[in-house]
Structure formats: C-alpha cells, structure tokens
Amino acid sequence: MYGEGADGPESGEPLIQQDFTEPEVVKKKKVRSKNKCKRVGKLKAGEKLSIVFFLNGPVGVNRNEFTRYLGKLVTDNTICPVRVHSWGEMGNDVEDHLWAAVKEKFTNPEMEAYRGHIFKKMVKAWTNYRSDLNLKYVKPCQSLEDAIENVPCGIQKDDWEWLVTEHYLTEEFKKISVRNANNRAQGSMPCHLGSMSIGELTYQMTDKEGNMPSFTKVFSCSRQKGGAIDPKSARKEAELIETMHQNPGINGLDLVEKCFGPQKHGGILGYGSGITPKDLRTPRNEKNPEVEAQLQRSEEEKAALEEKNGALEAEKAVIAAEKEALFHRLNNMESNYMVELRSLREMVMLQQTTWSSLHRPHDNHNQYI
C-alpha cells in the first residue's frame with residue numbers, strides 16, 4: 001500500500017496505534033415517566049370516560065386513566081396546598097374542588113356512593129407523592145441549605161422551604177418515618193402484581209355468572225413471581241387450603257383472621273385497599289334473615305322453656321302444699337291417737353280398779369269364817 005522509499009511503518013505495524021475497545025454501554029433503569037394523562041386531557045367539553053367499580057375500587061379498561069388522573073390531581077399544588085402536615089388540614093373546599101374535577105372527567109351510575117373510597121385512593125396517592133419528595137429531594141442532600149435549594153419542579157421555593165424545615169426535618173416526622181420503615185421491613189409475602197390491583201385481578205378472574213374466585217386462588221396468583229411462588233407464601237397457601245377443608249363454608253374475613261391474625265380497620269390482607277373488615281361484616285343496622293330466623297327460633301325455645309319451668313314450679317308448689325297438708329294431717333292423727341290411747345288406758349285402769357274392789361273379800365265375812 002505504500003510505495004518504495006516512502007515513510008511507512010516498520011515490521012508491518014500500523015501508523016497510528018488505535019484502541020478498538022468497545023465503550024461500555026450503561027443501561028438506564030426504566031422509570032415511570034411523568035404522569036401526563038393525555039387521554040383524559042384530550043376529552044372534549046362534556047365528554048366523560050366510563051369507570052367500573054369492583055370491590056370498591058376502579059377496574060376495567062379505564063382503570064389506569066382513572067388512577068393516573070387522581071394522582072395528577074393530588075400532585076397539583078394549585079389545588080392541594082403544600083403547607084400542610086396531613087390530608088386532614090386540606091379543608092372541605094379542597095375536597096369539593098377535587099370531587100368536581102373527578103366527576104367532570106369520569107362517570108358511573110353510583111359515583112356518589114364511591115366518593116369515600118375514591119378519596120381514600122387520593123389520600124394514598126398524595127401520601128406517596130410527599131414521601132417521594134422526601135426520598136428524592138431531601139434525603140440525598142448533605143445539609144439543610146442543600147435540601148432547601150434542591151427545589152422540585154412545580155413547587156414554589158418558599159413553599160418548599162416550609163415543607164423541608166417545618167415538616168420533613170421535624171422530630172415528629174422523623175419518628176413516624178422510622179416507624180413506617182420498620183413496619184415495611186417486617187412485611188412478608190409481598191404482592192407481585194405490579195400496577196395491577198388485587199381488585200382488578202379478582203375482577204378478571206370472576207366468571208360471566210358473577211362467581212368470584214376463592215381467596216386462596218387470588219392469594220396464590222398475586223404472590224407468584226415468574227410463575228413461581230415463594231416458600232413462605234406456599235406454606236401459607238397450604239394452611240389456607242387446610243383451614244378451608246376443616247371449616248367448610250367459612251367466609252373470607254374469618255379465613256384471613258384464622259391464618260393471618262386479626263385484621264385492622266384499614267384493610268384486609270389479600271383483598272386490596274378497597275375492602276375493610278367492616279365491609280365483610282353485617283352492619284348493625286342491617287338485619288340478616290338467617291340470623292333473624294335463628295334468633296326467632298331461640299326466642300321461641302326460650303319462651304317454651306320458661307312456660308315449662310313455670311308449670312313445673314306450679315306443680316312443685318302444689319306438691320309442697322299437699323305434702324304440708326299431709327304432714328299436718330299425720331300430726332293431728334298422731335295427736336288424736338295419743339289422746340284416744342290415753343283415754344283407753346285410763347278406762348282400762350278404771351275398770352281394773354272397779355273389778356278389784358268388787359271381788360275383794362270383806363272383813364265382816366272373814367269374821368264369820
């Protein structure tokens with residue numbers, strides 16, 4: 001390739017030493033992009049998306065849009081104020097604004113009946129949002145000044161300074177944060193459904209006749225990862241099956257409490273965030289026909305027993321009275337018998353005395369003998 005006499009490499013070495021090592025490719029971790037709710041944002045005036053509720057939670061084709069829209073609302077600092085310590089400080093005006101925004105974009109025939117459950121999801125989304133702010137913008141900072149300067153997008157600097165100094169760095173918040181972290185660390189048998197809720201899984205597994213899958217089946221499917229279930233969840237699944245065999249007809253809440261212990265008022269393990277123990281128990285003001293029939297039978301049996309006991313008591317009183325009368329009669333007979341016996345004895349003694357006096361020899365007669 002080079003001509004004679006030309007300056008060229010010796011011994012066939014290349015003119016320029018090149019490094020052909022391929023650069024290391026750093027794979028970026030997939031993260032969830034910013035919630036834009038494009039489909040909801042493209043709705044025309046008066047147009048709404050239909051949402052279905054199942055087990056007090058959104059399910060169906062518009063479930064993701066509904067959940068994302070709730071998250072977008074609670075992270076909008078023009079609606080939800082930043083300078084609050086808890087959701088309870090929001091006020092009724094904020095909740096009314098949020099509810100109007102929800103009903104503007106989504107519709108359901110029983111929307112008002114699910115208001116409490118919808119707000120429960122909004123509170124959870126708001127709490128997670130505030131927790132993420134602390135995790136991403138406060139904890140990585142080395143000083144208070146750095147945390148104050150590390151302002152998230154969409155939050156005013158003075159609001160962020162208040163949130164850092166008056167909320168995140170307070171002793172009360174730190175104490176609650178440590179306690180919640182310890183509680184999460186103690187968690188076992190995690191759910192592996194990803195963005196799908198347990199309610200959505202149950203909804204998809206429910207057949208056309210409306211027959212829901214068993215709790216054990218839902219538990220097993222929600223704890224699988226890569227088609228396999230972890231050993232601890234597998235042991236708990238076997239315990240659930242054994243408990244169901246030993247207690248035919250046991251309801252879901254009793255089954256969970258037998259295998260996992262008493263459930264708190266906020267939710268039930270394996271049912272998702274939409275169901276609480278109160279939902280599976282018969283309300284106090286609502287009568288259960290079976291229970292009412294059993295109570296009626298018990299009352300009738302109680303009345304019959306009381307009537308029978310009354311008759312027995314009356315019969316017992318009659319017997320006691322007859323016994324007492326017989327006792328008095330016996331006493332009287334004994335007294336009369338003793339009187340008659342005494343009179344008869346006196347009569348006999350009198351007769352004996354009279355007979356003796358009649359047959360005794362007289363002194364005059366003896367003189368003549």
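1. Helix axes in this note are lines fitted to C-alpha atoms over the stretch in contact, and angles run from 0 to 180 degrees between N-to-C directions. The model under discussion is predicted. Two packed helices are described by the angle between their axes and the distance between the axes.

2. The pair α2 and α4 is taken up at the outset. The axes of α2 (residues 63-74) and α4 come within 9 Å and cross at roughly 60°. This angle makes α2 oblique to α4. The handedness of the α2 and α4 crossing is right-handed. On the α2 side the contact involves F66, L70, G71 and V74, which meet I118, K121, M122, A125, W126 and Y129 of α4. In class terms, the contact of α2 with α4 comprises 8 nonpolar, 1 polar and 1 charged residues.

3. The next pair is α2 and α3. Their axes come within 11 Å, with a crossing angle of roughly 150°. An angle over 145 degrees counts as roughly antiparallel, so α2 is roughly antiparallel to α3. The crossing of α2 and α3 is right-handed. From α2, the residues F66, Y69, L70 and L73 make the contact, and from α3 the residues L98, A101, V102 and K105 do so. This contact of α2 with α3 divides into 7 nonpolar residues, no polar residues and 1 charged residue.

4. The remaining pair is α3 and α4. The axes of α3 (residues 92-105) and α4 come within 12 Å and cross at roughly 105°. Angles of 65 to 115 degrees count as roughly perpendicular, and α3 and α4 are therefore roughly perpendicular to each other. Here E95, D96, L98 and W99 of α3 meet R115, I118, F119 and M122 of α4. The contact of α3 with α4 has 5 nonpolar and 3 charged residues, and no polar ones.

5. Several residues recur across these contacts. I118 and M122 of α4 meet α3, and I118 and M122 also take part in the contact with α2. F66 and L70 of α2 are in the contact with α4 and again in the contact with α3. L98 of α3 belongs to the contact with α2 as well as to the contact with α4.

6. As to internal space, the structure holds 1 cavity of 30 Å³ or more. The volume of the largest cavity is about 50 Å³. Its lining consists of V74, N77, C80, P81, V82, W126, Y129, R130, L133, I155 and L163. Helix α4 (residues 115-137) supplies the largest share of this lining, 4 residues. By class, the lining of the largest cavity has 9 nonpolar, 1 polar and 1 charged residues. V74, W126 and Y129 are part of the lining, and V74, W126 and Y129 also appear in the contact between α2 and α4.

7. Among the open sites, the second largest pocket encloses about 260 Å³ of space. Its lining is made of 18 residues, with P213, S214, F215, G252 and Y271 lying nearest the centre of the pocket. Elements that give two or more residues to this lining are α8 (198-205), α9 (215-222), α11 (252-260) and α12 (277-280). The lining of the second largest pocket counts 12 nonpolar, 5 polar and 1 charged residues.

Technical notes:
Residues numbered from 1 in each chain as written. Predicted model: local features only at pLDDT ≥ 70, side-chain atom pairs only at ≥ 80, totals over all residues. Heavy atoms only, no water. 1 Å grid on protein atoms, 1.4 Å probe; cavity = no way out; pocket = protein on both sides within 12 Å on 5 of 7 lines; lining within 4 Å. Points joined across faces, edges and corners; volume = space filled by probe spheres on them. Nonpolar A, V, L, I, M, F, W, Y, C, P; charged D, E, K, R; others polar. Parallel < 35°, antiparallel > 145°, perpendicular 65-115°, else oblique. Contact = heavy atoms within 4.5 Å. Left-handed = near helix turned anticlockwise from the far one by under 90°.
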